[in-house]
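Student: I should like to understand how the terms used for a model follow from its values. May we work through one example together?

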Amino acid sequence: MVDFDNFSGRLSAGASVPQYRILVVEDEGIVALDIQGKLESMGYQVPCIVSSAEEAIGAATRLHPDLVLMDIQLEGELDGINAAEKINSDLGIPVVYLTAFFNEQTLARAKTARPFGYLLKPFEEHELYTAVEIAIYRHEAELERQRLEDRLRQSHRRWRPSANS
C-alpha cells in the first residue's frame with residue numbers, strides 16, 4: 001500500500017520503472033499546477049499543461065503522451081469530451097476525465113469517447129494515482145492483446161493449408 005502522507009514518488013532506490021508522460025488539460029491555472037505537482041511527486045513527467053480542447057489535440061499530436069488527464073469543461077468551442085474522442089480515436093492515447101461536474105447527461109456523453117477513467121474534483125492524491133496507474137495498465141494490456149492477435153492472424157495465414165494441396 002502506498003502511504004500518501006509520506007509519498008515521495010513511485011521509484012524506490014534502485015528500481016527501474018518507466019517514467020510515463022502525462023498531458024494535463026485544465027483551464028483553471030491553480031488546479032492545473034496542483035495536478036502537475038502531484039503527478040511529478042509521484043514520478044510522472046508532465047511535458048505541458050494546456051487549457052483548451054484545441055490545444056489538447058495539438059499537444060497530444062505533437063508530444064504523444066502516455067496518458068491525457070482531461071477536464072470536461074474547457075475554454076473554447078470544443079469541450080474535453082470532443083477532444084478526448086479525437087485524441088483516443090486518431091492517436092490511440094488513453095484519456096482520464098477530471099471534472100467538477102456530474103450529471104447523467106454529461107456522463108452519457110463522456111462514455112462515448114471510451115475514457116479510461118472519470119475522476120470527480122476535488123479528488124485525493126491516492127485517487128489520482130490509482131486512476132493513472134489503472135488507465136496506463138489497461139492501455140498497455142490492450143496494446144499487448146492487439147499485438148498478440150496480430151501475431152496469431154499472421155501465424156494462421158502462414159500455416160493455413162492451401163485449398164490446392
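Student: What covers the buried residues of H1?

Tutor: In this predicted model, the cover includes strands S1 (22–25), S2 (49–50), S3 (67–71) and S4 (95–99), together with helix H5 (125–159).

Student: Which residues of H1 are called buried, and what makes them so?

Tutor: They are Ala32, Ile35, Gln36, Lys38 and Leu39. Buried requires under 20% relative accessible area, so each of these five falls below that cut-off.

Student: Why are the buried residues said to lie on the same side of H1?

Tutor: Because they cover an arc of only 165° around the axis, they share one side of H1. On the other side, Ile30 and Leu33 are exposed; the term requires over 50%, so both exceed that value.

Student: How do you know that the span of H1 is close to the expected one?

Tutor: H1 (residues 29–41) has 13 residues and reaches 18 Å from its first C-alpha to its last, close to the 18 Å expected at 1.5 Å a residue.

Student: What makes a set of residues a nonpolar core, and how many residues has the largest?

Tutor: Its members are buried nonpolar residues joined through side-chain atoms within 4.5 Å. The largest such core has 22 residues, with Leu23, Val25, Val68, Met70, Ile87 and Tyr97 having the most contacts inside it. Helix H2 (53–63) gives the most to this core, with five residues.

Student: Where does pLDDT stay under 50?

Tutor: It does so over residues 10–16. Where pLDDT is low, the predicted coordinates should not be read in detail.

Conventions: Residues numbered from 1 in each chain as written. Predicted model: local features only at pLDDT ≥ 70, side-chain atom pairs only at ≥ 80, totals over all residues. Heavy atoms only, no water. Helix = DSSP H or I, 4+ residues; strand = E, 2+ residues; numbered from the N terminus. Expected span 1.5 Å × (residues − 1). Buried < 20%, exposed > 50% of the residue type's maximum accessible area, 1.4 Å probe, protein only. Arc of directions from axis to C-beta. Contact = heavy atoms within 4.5 Å. pLDDT = per-residue confidence, 0-100.
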